[in-house]
Amino acid sequence: QVQLVESGGGLVQPGGSLRLSCAASGSIFSIYVMAWHRQVPGKQRELVANIISDGTTVYADSVKGRFTISRDNAKNTVYLQMNSLKPEDTAVYYCNVVARLVGGPTTYIYWGQGTQVTVSS
């Protein structure tokens with residue numbers, strides 16, 4: 001099993017910045033994909049950004065140029081640096097990983113519990 005612990009959410013004014021962190025722990029052999037998604041009540045969860053093990057990144061069009069995803073493989077941690085935040089970035093942000101566990105070839109998908117980000121003046 002893998003546990004994901006997220007931190008860094010909160011209330012910020014428009015134009016401000018926040019940095020989210022998500023640390024994975026457990027019987028991890030390798031993490032292939034680390035990602036951030038977000039969800040607003042009444043809407044589907046959407047991908048914000050992901051980063052694969054070789055460092056390749058993908059961003060939603062709505063956050064390109066403002067958000068940066070990065071990972072520390074030694075710490076099994078993924079970060080999301082969010083700059084120039086807008087009210088429409090308000091959502092619950094979820095960390096998600098695709099990981100292979102020790103002792104077997106199968107990969108699994110795990111989700112964090114979510115952290116609230118509110119952008120408001």
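## Exercises on strands, a disulfide and ring contacts

Isoleucine 51 has threonine 57 of strand 6 as its bridge partner. The model is a predicted one, in which local features need pLDDT of at least 70 and side-chain atom pairs count only at pLDDT 80 or more, while totals for chains, interfaces and linings use all residues. Residues are numbered from 1 along each chain as its sequence is written, and side-chain values use heavy atoms, with hydrogens and water left out.

**Exercise 1.** Work out how strand 5 pairs with strand 4 and with strand 6, and which glycine in each turn has a positive phi.

*Solution.* Strands here are DSSP runs of E with at least two residues, numbered from the N terminus, and two of them pair if DSSP finds at least two bridges between them.
- Step 1: strand 4, residues 28–39, runs antiparallel to strand 5, residues 46–52, over 6 bridges, and tryptophan 36 has alanine 49 of strand 5 as its bridge partner.
- Step 2: these two strands form a hairpin with 6 residues between them, and glycine 42 in its turn has a positive phi of about 85 degrees.
- Step 3: strand 5 also pairs in the antiparallel sense with strand 6, residues 57–59, over 3 bridges.
- Step 4: a hairpin with 4 residues between its strands results from strand 5 and strand 6, and glycine 55 in the turn has a positive phi of about 95 degrees.

**Exercise 2.** Find which cysteines form the disulfide, and determine whether cysteine 22 and cysteine 95 are buried or exposed.

*Solution.* A disulfide is a pair of cysteine sulfur atoms within 2.5 Å.
- Step 1: the sulfur atoms of cysteine 22 and cysteine 95 are 2.1 Å apart, and these residues form a disulfide.
- Step 2: the link between cysteine 22 and cysteine 95 is left-handed, with -75 degrees about the S-S bond.
- Step 3: because cysteine 22 lies in strand 3 (residues 18–26) and cysteine 95 in strand 9 (residues 91–101), the pair ties together parts that are 73 residues apart in sequence.
- Step 4: with buried meaning under 20% relative accessible area, exposed over 50% and partly exposed in between (1.4 Å probe, protein chains only), cysteine 22 is buried at 1%, and cysteine 95 is buried at 0%.

**Exercise 3.** Identify the rings over which the charge of arginine 45 sits.

*Solution.* A charge sits over a ring if NZ of Lys or CZ of Arg is within 6 Å of the ring centre and within 35 degrees of the ring normal.
- Step 1: the charged end of arginine 45 is over the ring of tyrosine 94, 3.7 Å from its centre.
- Step 2: arginine 45 also lies over the face of tryptophan 111, at 4.7 Å from the ring centre.
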